[in-house]
Amino acid sequence: MPSKPLKLSPGTLYRGHEGMWSWVAHRITGVGIFFFLLVHVLDTALVRVSPEAYNEVIGTYKNPIVGLMEVGLVGAILFHAFNGIRLILVDFWAKGPRNQRKLMIGVGVVWVVLFVPFVIRHLTHVFGG
Amino acid sequence: MTTPEIAQPRSSSRARSLKGGGRNRSGQTNFELYSWLFMRLSGLALVVLVLGHLFVNLMLGGGITALDFGFVAGKWANPLWQVWDLLMLWLAMLHGTNGLRTIINDYAEKDQTRFWLKSLLITASIVIVVLGTLVIFTFDPCLDPSSTLSVCK
């Protein structure tokens, strides 16, 4: 279906608006986190092989590229967590749907408040401050 | 020319064709309802479990620079962290597997494709959950007798 500019589709509350995009982002972050989790269980399982095997593999993660990927991962987890709480509130809280816009803003605010300190702390570790 | 067919809703097509025990009046199981509820309940628990995990491992102390075998050994010497990690493993894998199941149902068009993708998903999930559970329960930081870790003294 061809996408129309927003002003030509005043009848829809959902399509092309923040509700739809948060659903898309929830799916994308969810899939990303799931595949990270598979790898994370496998790398942690190396503690059963030997201390050297575990330390060697974890050692390869301690570089700026993986450090920045971890920033992305935590950003995705924080979004998925608080967007998930938003949709629980929309589903179960009687006033949730009426306050959906405020809840959306709340997700953004909490995300920034938790993500910014994490980025500062983590990048300080990664870049050896 | 063939007339375009409108497919049945996928998530419950099998349930629709069956009747009987454990089903509601419309002939469907309540599986999708429980799955929907499970995503919300496990999601809430995971917010606490995962954010706690990230805070302790990446924010406190030396963060990522302090992660090594000794760090894991120190954490799992405490039963609280064993239970924490076990719960997190099981809930996150069930939550993630169910999420991917929904996505496969939504985007894979052919019955065969959905069957094989879901088979692969479930196989991978079982392997990861069993492996992770065994690692948490059979981990012994002091197998090496010359270990200098503080938990081994």
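The expected span of a helix is 1.5 Å times one less than its number of residues. I applied this rule to helix 3 of chain A in this predicted model. With 29 residues, helix 3 of chain A should span 42 Å, and its end C-alpha atoms do lie 42 Å apart, so expectation and model agree.

I next looked up which residues of that helix are buried. In helix 3 of chain A they are A:Glu70, A:Ile77, A:Leu78, A:Phe79, A:His80, A:Ala81, A:Asn83, A:Gly84, A:Arg86 and A:Leu87. I noted that their cover includes helix 1 and helix 4 of chain A as well as helix 2 (31-59) of chain B.

I then turned to the contact between the chains. Chain A contributes 30 residues and chain B contributes 31 residues. On the side of chain A, helix 1 (18-45), helix 2 (51-61), helix 3 (64-92) and helix 4 (100-126) each give two or more residues. I sorted that side by class and found 17 nonpolar, seven polar and six charged residues.

Within chain B, I examined helix 4 (residues 79-107) and helix 5 (residues 111-138), which pack at an angle of about 175 degrees with axes 10 Å apart. Angles over 145 degrees count as roughly antiparallel, and therefore helix 4 of chain B is roughly antiparallel to helix 5 of chain B. Among the residues that meet there are B:Leu86, B:Trp90 and B:Met93 from helix 4 of chain B, and B:Leu117, B:Leu121 and B:Ile128 from helix 5 of chain B. I recorded 11 nonpolar, six polar and four charged residues in this contact.

Finally, I checked confidence. The mean pLDDT of chain B is 86, with 82% of its residues at 70 or more. For the complex, the predictor gives an ipTM of 0.86 and a pTM of 0.84.

Technical notes
Residues are numbered from 1 along each chain as its sequence is written. Chains are lettered from A and ligands numbered from 1 in the order in which they are written. This is a predicted model: local features need pLDDT of at least 70, side-chain atom pairs count only at pLDDT 80 or more; totals for chains, interfaces and linings use all residues. Two residues are in contact if their C-beta atoms, placed from the backbone, lie within 7 Å. Helices (H or I, at least four residues) and strands (E, at least two) are DSSP runs, numbered from the N terminus. Ala, Val, Leu, Ile, Met, Phe, Trp, Tyr, Cys and Pro count as nonpolar, Asp, Glu, Lys and Arg as charged, and the others, Gly among them, as polar. A residue is buried if 20 or more other C-beta atoms lie within 10 Å of its own, exposed if 12 or fewer, and partly exposed in between; C-beta atoms are placed from the backbone. pLDDT is the predictor's confidence in each residue, from 0 to 100. Axes are lines fitted to C-alpha atoms, for helices over the stretch in contact, and angles run from 0 to 180 degrees between N-to-C directions. Angles under 35 degrees count as roughly parallel, over 145 as roughly antiparallel, 65 to 115 as roughly perpendicular and the rest as oblique.
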